[in-house]
Amino acid sequence: MAFYRSSLLLRKALGSNRSRRAAVFPSYGSLPYNSSDHDWRRRSYSSSESDIKGTTISAAGYHLNNGPTYMRGAVFWEPNKPLTFEDFHMPRPKVNEVLIKTKACGVCHSDLHVIKGELPFASPCVVGHEITGEVIEHGPLTDSKIIERFPVGSHVIGAFIMPCGSCFFCSKGQDDLCESFFAYNRAKGTLYDGETRLFLRNNDKPVYMYSMGGLAEFCVVPAHGLAVLPNSLPYTESAILGCAVFTAYGAMAHAAEVRPGDSIAVIGIGGVGSSCLQIARAFGASEIIAVDVQDEKLQKAKLFGATHAINARKEDVVTKIKDITGGRGVDIAVEALGRVQTFSQCVNSVRDGGKAVMIGLTLSGAKGEVDINHLVRRQIKVIGSYGGRARQDLPKLIKLAESGIFNLDVAVSEKRKFEEAGQAYKDLDRGSIVGRAVVEIM
């Protein structure tokens with residue numbers, strides 16, 4: 001009966017068609033707001049209209065009317081060096097892009113991999129890719145439908161995979177494989193015209209963007225990577241929907257294709273792993289096994305929906321999982337840590353015909369080994385999953401959170417001030433953050 005009720009709630013949350021709430025236009029401290037012309041949120045250029053249609057406007061020539069002329073952002077310079085806070089010219093959105101006043105940004109292991117030099121990325125750059133915020137303005141010549149969907153003042157959430165909406169994969173609905181995102185943002189640290197939107201105030205030098213470069217007071221996001229955040233959901237807790245929950249949903253819905261009654265093991269109970277537990281519960285999984293090396297995380301995993309917990313320091317993971325499942329192994333195992341050892345555990349924990357889903361990033365060039373004969377004879381499926389599909393999945397996640405099926409409050413374990421961002425990544429590296437930390441930039 002409990003499962004039936006849960007399924008009804010899930011279908012209602014994902015299938016309902018709520019009307020959008022009216023946008024709210026709060027004032028920004030001493031900055032005046034005029035609802036008739038959006039005041040400082042409207043763009044202002046020192047160059048001509050003909051320049052706007054080209055690509056020659058300097059960063060220094062752009063500002064917001066009667067508002068801030070510059071902003072602060074957290075900059076990564078080189079591996080294992082502390083983040084520094086720098087002043088930037090106000091970032092300028094281009095066609096079909098949106099300027100966001102950043103309210104909150106999650107603290108993710110992917111950023112940490114960049115900071116530690118484990119994932120090569122253009123530097124210097126602004127990290128942070130899990131954001132909520134308020135729409136300030138739209139780029140010149142932006143499609144009217146985008147402006148209608150995200151009016152100035154509306155609350156939004158940004159997905160870390162920002163689809164271009166027009167490449168081969170985006171046209172097939174596979175936003176998570178967007179060619180422009182990987183070719184430009186992940187490969188070069190830019191948006192899809194090959195240029196960054198971030199320039200230092202003191203010398204005009206470019207700074208690259210990890211996704212939208214969310215650890216800054218303002219950021220520019222391609223519109224297809226956004227979804228409207230209802231006023232009923234808070235900025236801070238909702239930030240994790242853009243990566244931790246977004247990644248978990250992509251793994252469960254598209255890679256694993258979880259069905260009611262499936263048995264699932266999640267290896268690594270951090271921000272993404274704990275989100276996998278909640279999504280598995282929402283999808284009706286029967287046995288949900290949490291695997292980690294910290295008892296504190298395993299204890300909290302029960303709040304996320306885990307029915308069993310395994311401490312990998314104290315027990316053999318594969319043996320214990322098979323004991324729990326009557327010797328067969330789980331239908332689906334998810335690796336959310338990104339280590340060679342846990343990769344092997346994931347593959348060996350699934351039943352014949354089962355799925356091993358890999359979502360944890362690791363040191364660039366690292367390789368996991370697989371017993372080929374076991375893979376072939378037992379029909380084991382090894383699947384990689386990087387994230388969800390922004391245009392179709394992000395609105396669903398918002399509904400799950402709004403309905404309470406996904407509990408944001410229990411998922412966010414710590415809130416940090418903007419100035420504490422660097423320390424938050426140090427704490428994440430030490431393993432002292434249980435769940436997900438979010439930096440408040442408001």
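**Strands, sheets and helices in a predicted model**

Phe218, Val220 and Pro222 point one way from strand 11, while Cys219 and Val221 point the other way, and all of these residues are buried. The model described here is a predicted one. With five of its five residues buried, strand 11 (residues 218-222) is largely enclosed by the rest of the structure. Its partner is strand 5 (residues 97-107), and the two pair in the antiparallel sense over five bridges. Within this pairing, isoleucine 100 has cysteine 219 of strand 11 as its bridge partner.

Stepping back to the protein as a whole helps to place this strand. The secondary structure comes to 16 helices and 20 strands. Of the 442 residues, 55% count as buried. Among contacts between residues at least 6 apart in sequence, 70% join residues at least 24 apart.

Two open sheets can be followed next. Strands of a sheet pair through backbone hydrogen bonds, either parallel or antiparallel. One open sheet is formed by five strands in the order 4-3-6-10-9, and its pairing is mixed. Strand 4 (84-89) and strand 9 (198-199) stand at its edges with a single partner strand each, so one side of each is left without a neighbour in the sheet. Strand 3 (residues 70-76) and strand 4 run antiparallel and are joined by six bridges. Here arginine 72 stands opposite aspartate 87 in strand 4.

Strand 10 (206-209), a member of this five-stranded sheet, is also where the buried residues of helix 6 pack. In helix 6 (residues 179-188), the buried residues are Ser180, Phe181, Asn185 and Arg186. Viewed down the helix axis, they fall within an arc of 145°, so they line one face of helix 6. A general property of helices is helpful here: an α-helix has 3.6 residues a turn, so residues three or four places apart point the same way. Just after helix 6 comes glycine 189, which takes a positive phi of about 75°.

The other open sheet has six strands, ordered 15-14-13-16-17-18, with parallel pairing. Its edge strands are strand 15 (308-311) and strand 18 (381-384), each of which pairs on one side only. From one strand to the next, the twist averages 20°. Helix 10 (residues 295-304) packs on this sheet, where it touches strand 14 (287-292) and strand 15, and its direction makes about 160° with that of strand 14. Helix 12 (residues 340-348) packs on the sheet as well, touching strand 13 (263-267), strand 16 (330-335), strand 17 and strand 18; the direction of helix 12 makes about 145° with that of strand 17.

Within the six-stranded sheet, strand 16 is mostly covered, with six of its six residues buried. Strand 13 and strand 16 run parallel and are joined by four bridges, and isoleucine 267 has glutamate 335 as its bridge partner in strand 16. Strand 16 also pairs with strand 17 in the parallel sense, over five bridges; in this pairing, alanine 333 stands opposite alanine 356 in strand 17. Strand 17 (residues 350-358) is in turn joined to strand 18 by four bridges, and these two strands run parallel. Lysine 355 stands opposite lysine 381 in strand 18.

The chain beyond strand 17 offers another point of interest. Glycine 360 is found in the loop between strand 17 and helix 13 (372-377). At 23% relative accessibility, glycine 360 counts as partly exposed. Not counting residues up to four places away in sequence, glycine 360 touches Glu335, Ala336, Leu337 and Gly338. Glutamate 335 is thus met again, having appeared above as the bridge partner of isoleucine 267. The C-alpha atoms of glycine 360 and valine 272 are separated by 8.8 Å, although the two residues are 88 apart along the chain.

A final contact brings two helices together. Two packed helices are described by the angle between their axes and the distance between the axes. The axes of helix 8 (residues 244-255) and helix 14 (residues 390-403) come within 10 Å and cross at roughly 110°. Helix 8 is therefore roughly perpendicular to helix 14. From helix 8, Val245, Phe246, Tyr249 and His254 take part, meeting Ala390, Gln392, Asp393, Leu394, Lys396, Leu397 and Leu400 in helix 14. By type, the residues of this contact divide into seven nonpolar, two polar and two charged.

Notes. Residues are numbered from 1 along each chain as its sequence is written. This is a predicted model: local features need pLDDT of at least 70, side-chain atom pairs count only at pLDDT 80 or more; totals for chains, interfaces and linings use all residues. Side-chain values use heavy atoms; hydrogens and water are left out. Buried means under 20% relative accessible area, exposed over 50%, partly exposed in between (1.4 Å probe, protein chains only). The arc is that of the directions from the helix axis to the C-beta atoms. Contact means heavy atoms within 4.5 Å. Two strands pair if DSSP finds at least two bridges between them. Axes are lines fitted to C-alpha atoms, for helices over the stretch in contact, and angles run from 0 to 180 degrees between N-to-C directions. Angles under 35 degrees count as roughly parallel, over 145 as roughly antiparallel, 65 to 115 as roughly perpendicular and the rest as oblique. Ala, Val, Leu, Ile, Met, Phe, Trp, Tyr, Cys and Pro count as nonpolar, Asp, Glu, Lys and Arg as charged, and the others, Gly among them, as polar.
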